[in-house]
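Below are my notes on the model, set out as numbered points. They start with the whole chain and then move to particular elements.

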Amino acid sequence: ASILPSLSRPEAIEVTRIQSITGGFSGTLASARPFRAPHHSITMAGLVGGAQPGSVGEVVLAHNGVLFLDELSEFGRPTLEALRQPLEDGRVAIVRARHSAVYPARFMLLAATNPCPCGHAGDGDRCSCSESDMARHHRRLSAPLLDRIDLVAHLARAGAHELNAAPLMNSEQAREQVTRARERQAARLSEDGVAVNAHMDVRMLQRHVRLDGRSEVMVQRAQEIGLLSARGRDRVLRVARTIADLRGSDRVRARDVGGALAL
């Protein structure tokens, strides 16, 4: 949350309206982006909304902010599957016997999980998990859900040197870079009614992300060998456009596409 730009006035109004539903309205417009981090024991109703009118879930409370799910593999699979609609559409529709409602739910999902139940996979010979344990652990995260996650980073266990090293970039520097990139996106997409690359649909992608021959071959090759679905191709193009924006380029080049594929 420390590297995200401040809420715009329309965003602040949306966040404040959601707070008023839950009784959290303080009398002034919201000034900080929401950051929600529910425990992995949360129910589906707690995550997306319950049966009572006005009972909104964490995905709605995180609108215009961050939803952080730690220990992702420990969440119930039906609970995680309920994320698919809001991640795809930016909204959640709650339909019950006596009422129905649609709420905005456009958030940035950040999640973390161990590589195996014991947490030591890839760390020498410390892992004690069987193949069935590993398979059961991986089955908790479905392919359709993972296909909606833009970036995947595998982190090795840090040693004492890495933990004590100075950061390559502090939060203030990162926020300046993010703010400049978002300003570029907002200016480019102003006529499309969206403000960030993540919200571009296929039509916008075709207009704003034009690949050269080398980049097109890279994406096609990734699709041919099964690394990308149709949705995955769109994700890669959005990420490549964002990488180009972060480095201040008007064009998406092969190195931006390569970076997006690597992530």
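1. Of the 263 residues of the protein, 36% count as buried. The model is a predicted one, and the values below should be read as computed from it.

2. The protein contains 13 helices and five strands. Its radius of gyration is 20 Å, close to the 18 Å that the globule rule gives for 263 residues, so the protein is as compact as a globular protein of that length. Along the principal axes, the C-alpha atoms fill a box of roughly 50 × 50 × 40 Å.

3. Among contacts between residues at least 6 apart in sequence, 63% join residues at least 24 apart. The exposed surface comes to about 15,600 Å², with 52% of it supplied by carbon and sulfur atoms.

4. Three strands make up an open sheet with parallel pairing, in the order β1-β2-β5. β1 (35–36) and β5 (108–112) are at the edges with a single partner strand each, so one side of each has no neighbour in the sheet. Between β2 (residues 66–70) and β5 there are five bridges, in the parallel sense; in one of the pairs, Val 66 has Met 108 of β5 as its bridge partner.

5. Helix α12 covers residues 230–246, and its length is as expected: at 1.5 Å a residue, its 17 residues should span 24 Å, and the end C-alpha atoms are 25 Å apart, which agrees. At its start, a side-chain oxygen of Ser 229 comes to within 3.4 Å of the backbone nitrogen of Arg 231. After the helix comes Gly 248, with a positive phi near 75°.

6. What does α12 pack against? Its buried residues pack against α9 (171–188), α10 and α13 (254–262). Those buried residues include Val 236, Leu 237, Val 239 and Ala 240, and also charged ones, among them Asp 234, Arg 235, Arg 238, Arg 241 and Asp 245.

7. Is His 208 buried or exposed? The residue lies in helix α10 (residues 202–208). Its relative accessibility is 16%, and because buried means under 20%, His 208 counts as buried. The side chain of His 208 makes a polar contact of 2.9 Å with the side chain of Asp 192.

8. Leaving out residues up to four places away in sequence, His 208 touches Arg 188, Leu 189, Asp 192, Met 200 and Arg 241. Arg 241 is also one of the buried residues of α12, and α10 is one of the helices that the buried residues of α12 pack against.

Terms used. Residues are numbered from 1 along each chain as its sequence is written. This is a predicted model: local features need pLDDT of at least 70, side-chain atom pairs count only at pLDDT 80 or more; totals for chains, interfaces and linings use all residues. Side-chain values use heavy atoms; hydrogens and water are left out. Two strands pair if DSSP finds at least two bridges between them. Helices (H or I, at least four residues) and strands (E, at least two) are DSSP runs, numbered from the N terminus. Buried means under 20% relative accessible area, exposed over 50%, partly exposed in between (1.4 Å probe, protein chains only). A polar contact is a pair of N or O atoms within 3.5 Å; within protein, one must be able to donate a hydrogen and the other to accept it, and residues adjacent in sequence count only if both atoms are side-chain atoms. Contact means heavy atoms within 4.5 Å. The radius of gyration is taken over C-alpha atoms; the globule rule is 2.2 Å times the number of residues to the power 0.38. Accessible areas come from the Shrake-Rupley method with a 1.4 Å probe; for residues, only the protein chains shown count as cover. The expected span of a helix is 1.5 Å times one less than its number of residues.
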